[in-house]
Protein chains: 2
Amino acid sequence: MVRAAPYDREIALDAAMSLFWDKGYHATSLKDLEATLHMKPGSIYAAFCSKENLYLLSLEHYFKTARARLRTQLQQASSPLAGLGEHLRSYARLSQGDTARQACMLTKSLVDTRSTDPVIAQKTQEYLGQIRSDFAATFDRAKALGELPADADSNRLARRFQANVTALRFELHQGTPQDEILNLAEDMARELEQLRI
Amino acid sequence: MVRAAPYDREIALDAAMSLFWDKGYHATSLKDLEATLHMKPGSIYAAFCSKENLYLLSLEHYFKTARARLRTQLQQASSPLAGLGEHLRSYARLSQGDTARQACMLTKSLVDTRSTDPVIAQKTQEYLGQIRSDFAATFDRAKALGELPADADSNRLARRFQANVTALRFELHQGTPQDEILNLAEDMARELEQLRI
DNA sequence: GGTGTTTTTGAGCGATCACTCAATGCTTTT
DNA sequence: AAAAGCATTGAGTGATCGCTCAAAAACACC
């Protein structure tokens, strides 16, 4: 059977992403991928070249999805700062079974590969940097709208904000009780909203 | 040659810890351990039973060292809150070559093993919990000394503080530029010190 | 329905994995 | 200095790793 290529490829990539996200690069074997993608080794290699390349494609897929979700969230908010606050609180509202209820895949990826796979590590840092620059742009918009003082340091705020998101999602990963997650997200969101003029 | 057992064992454990800390559980092979510990496979297994057990011992060694360092730091400070602030800033001052200039081993361990090795994951969470309870006890002392309001929620503050430490150390892991690390640590420390009555 | 092209298959490749154990030292006891 | 007691050795275990490729199956076109 010839696959309707782009469609099935997207499906397979999404499944690979979930598996890699959950188990990490080193702990995921080709056997695992064969079972999850419902593909034999030959097909996997015909379609994705290597385990490393499949991981890179999965990471890109994760990044694009995450960034799109973030941008939508920010656009729908009543203001830049409100959007960022809502972003934090939305993690705390993730339902128990949600696959996103764990650490950011980029965080996990960097921890997993920084000292063993420079190619993956570098791409991961690139993606983290791009998301951070989205945060910085949002702080810039807040300044332009008079929501933040004109002398606020957007890059510094973005770094701080990203650190908060990373930490919050690591708590999800840990399985911290829901009420403590809500408190933590609330603390972070309040701190952010106190910057408002 | 018969080893002076407890001494050499400590040396070996420290070397194993460094290696596991750097590469992670799954990416570290027995070959790597043989080279780092200067021991042949037979000796390693005679001394440590299994790779998993050696990892657990390394993790315990890390925990004990880290906890001791933290307690000394807190004792030497002029007040509980000052000690916690100093703890944050001390990470930012770590020299470029320092092996500690990366993510906390407990953080990395949980990311690496949560969905592949329940035994390790559980121990890791236990250690993280114990460190958090040290933080909570410090906030309690701050309350007793009148440094914090009597109705402050020590556990909530401890969770927030630990999240900050995790995030700050992840930035070290990422190789974020020194000046940005200093800013981030400063932001976190100031936020903490603003709790002071 | 025959032909040419493309895709899928899965047994099996060499390398490496975590790990074992009979043989070999070294040290202590006598 | 011989014997007994242990820690150390490293070649070798079966299993699994990421990956290949010749054969088979499924398709498109005429």
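**Two chains, one crossing: a group meeting talk**

Okay, let's start with a pair of helices, one from each chain: the axes of helix 8 of chain A, residues 154–174, and helix 9 of chain B, residues 178–193, come within 10 Å and cross at roughly 70°. So helix 8 of chain A sits roughly perpendicular to helix 9 of chain B. Keep in mind that this is a predicted model.

Which way does the crossing go, left-handed or right-handed? Helix 8 of chain A passes helix 9 of chain B in a right-handed crossing. On the chain A side, the contact comes from A:Arg156, A:Arg159, A:Arg160 and A:Ala163. On the chain B side, the helix 9 residues include B:Glu180, B:Asn183, B:Leu184 and B:Glu191.

Now zoom out to the whole pair. You can lay chain A on chain B with an RMSD of 0.0 Å, using a turn of 180° and a shift of 0.0 Å along the axis. The two copies are therefore related as by a two-fold rotation axis. Want to find that axis on your screen? In chain A, look for A:Ala167: its C-alpha is the nearest to the axis, 2.7 Å away.

And how do the copies meet? Of the interface residues in chain A, 100% are also interface residues in chain B, so the copies use the same surface.

Last stop, the inside. The largest nonpolar core has 120 residues. Among those with the most contacts inside that core are A:Phe48, A:Leu54 and A:Phe139, along with B:Phe48, B:Leu54 and B:Phe139. Take A:Leu54: leaving out residues up to four places away in sequence, A:Leu54 touches A:Leu13, A:Ala16, A:Phe20, A:Leu33, A:Leu37, A:Ile44 and A:Phe48.

Key. Residues numbered from 1 in each chain as written. Chains lettered and ligands numbered in written order. Predicted model: local features only at pLDDT ≥ 70, side-chain atom pairs only at ≥ 80, totals over all residues. Heavy atoms only, no water. Core = buried A, V, L, I, M, F, W, Y, C linked by side-chain atoms within 4.5 Å. Buried < 20%, exposed > 50% of the residue type's maximum accessible area, 1.4 Å probe, protein only. Contact = heavy atoms within 4.5 Å. Least-squares fit on C-alpha atoms with pLDDT ≥ 70 in both. Axes fitted to C-alpha atoms, helices over the stretch in contact; angles between N-to-C directions. Helix = DSSP H or I, 4+ residues; strand = E, 2+ residues; numbered from the N terminus. Parallel < 35°, antiparallel > 145°, perpendicular 65-115°, else oblique. Left-handed = near helix turned anticlockwise from the far one by under 90°.
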